[in-house]
Amino acid sequence: MIVSLRDIVVEFDGQRILDGLNLDIHDKEFVTLLGPSGCGKSMTLKCIAGIEKPDKGVIQLDDEVFFDSEKRIHLPVQKRRVGYLFQDYALFPNMTVLQNILCGAGDRKKASEYVKRFFLEGKEQLYPAQLSGGQKQRTAMARMLAGEPEILMLDEPFTALDNYLKMQLEREL
């Protein structure tokens with residue numbers, strides 16, 4: 001499996017955030033995007049996921065085209081099989097922990113398994129506003145992984161976790 005980005009251009013408020021980005025990510029390869037705040041790291045992930053639409057370029061997974069500006073292809077987020085953990089978690093505020101995980105899992109049995117795997121037992125009926133930062137982060141990660149995506153993209157995935165939970169979740173991933 002290869003994710004390819006070719007000549008990706010994204011402009012925002014008259015400034016180019018991404019200017020001709022080219023990147024190939026091969027199967028089972030870990031890639032880290034580093035750089036100062038505002039340089040386009042999160043924007044790159046959002047373009048791959050389909051949340052943001054580049055102004056120009058091509059994004060594909062193997063032979064499946066996710067985005068092609070010249071051919072006017074823009075595959076919807078739901079059809080991309082991409083798991084994206086947002087920096088701010090993006091949990092549904094009107095849904096409980098279990099309901100949020102169900103969005104990824106599809107059935108209660110699978111969602112319950114992810115509740116256990118991510119140390120959220122006893123929190124199933126709480127809403128995001130009632131959770132700590134680490135609990136929100138684990139809920140978002142469980143929801144993402146329960147959908148069994150082909151590509152995982154994590155935007156600062158362990159910032160709200162203590163060292164013990166960080167090590168446990170690194171193993172889980």
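**View 1. C47, a buried cysteine with a relative accessible area of 2%.** This close-up, like those that follow, shows a predicted model. Which cysteine sulfur is closest to that of C47? The closest one belongs to C39, and at 13 Å the gap is too far for a bond. A disulfide needs the two sulfur atoms within 2.5 Å. Seen from the other side of the pair, the sulfur of C39 likewise has C47 as its closest cysteine partner, at 13 Å. C39 itself is partly exposed, with a relative accessible area of 31%. How many disulfides does a search of the whole structure find? The search finds zero.

**View 2. Helix α3 and its buried side.** The helix spans residues 108-117, and K110, A111, Y114 and V115 are its buried residues in this view. Why do these four belong to one side of α3? They cover an arc of only 150° around the axis, so they sit on the same side of the helix. A general rule helps when reading the picture: an α-helix has 3.6 residues a turn, so residues three or four places apart point the same way. Turn to the face directed away from the buried side, and you meet the exposed residues R108, K109 and K116. The cover over the buried residues of α3 includes two other helices, α2 (97-105) and α4 (133-146).

**View 3. The two ends of α3.** At the start of the helix, look for D107: one of its side-chain oxygens comes to within 3.1 Å of the backbone nitrogen of K109. Now follow the chain to the other end. Just after α3, F119 has a positive phi of about 55°.

**View 4. R143, a buried arginine of helix α4.** R143 has its place in helix α4. Is R143 buried or exposed? With 14% relative accessibility, R143 counts as buried. Which backbone oxygens lie by its polar side-chain atoms? One is that of Y89, 3.3 Å from a polar atom of the R143 side chain. Another is that of A90, 3.0 Å from a polar atom of the R143 side chain. Leaving aside residues up to four places away in sequence, R143 touches Y89, A90, L91 and F92, and also N100, I101, C103 and G104.

**View 5. A salt bridge between strands β1 and β2.** The side chains of D24 and R6 meet here, with 2.6 Å from N to O. D24 lies in strand β2 (residues 15-26) and R6 in strand β1 (residues 2-12), so the pair links distant parts of the chain, 18 residues apart. Both ends of the bridge are partly exposed: D24 has 32% relative accessibility, and R6 has 32% as well. A search of the whole structure finds six salt bridges, and the next two views show further examples.

**View 6. E11 and R16 in a salt bridge.** The N to O distance between the two side chains is 2.9 Å. E11 is partly exposed, with a relative accessible area of 41%. R16 also counts as partly exposed, at 42% relative accessibility.

**View 7. E148 and K110, a salt bridge that reaches α3.** The side chains of E148 and K110 meet at 2.9 Å, N to O. E148 lies in the loop between α4 and β7 (151-154), while K110 is in helix α3, so the pair ties together parts that are 38 residues apart in sequence. What sets the two partners apart is their setting. E148 is exposed, with a relative accessible area of 56%, whereas K110 counts as buried at 17% relative accessibility. Back at the pair of the previous view, shared partners in salt bridges join E11, R16 and D19 into one network.

**View 8. An open sheet of five strands.** In what order do the strands run? The order is β2-β1-β3-β4-β5, and the pairing is antiparallel. At the edges are β2 and β5 (73-74), each of which pairs on one side only. As general background, strands of a sheet pair through backbone hydrogen bonds, either parallel or antiparallel. For a closer look at one pair, take β3 (residues 56-61) and β4 (residues 64-68), which are joined over four bridges in the antiparallel sense. A handy landmark is Q60, which stands opposite V65 in β4.

Note on methods:
Residues numbered from 1 in each chain as written. Predicted model: local features only at pLDDT ≥ 70, side-chain atom pairs only at ≥ 80, totals over all residues. Heavy atoms only, no water. Buried < 20%, exposed > 50% of the residue type's maximum accessible area, 1.4 Å probe, protein only. Arc of directions from axis to C-beta. Contact = heavy atoms within 4.5 Å. Polar contact = N/O pair within 3.5 Å; in protein donor to acceptor, adjacent residues only side chain to side chain. Salt bridge = Lys/Arg side-chain N within 4 Å of Asp/Glu carboxyl O. Pairing = 2+ DSSP bridges.
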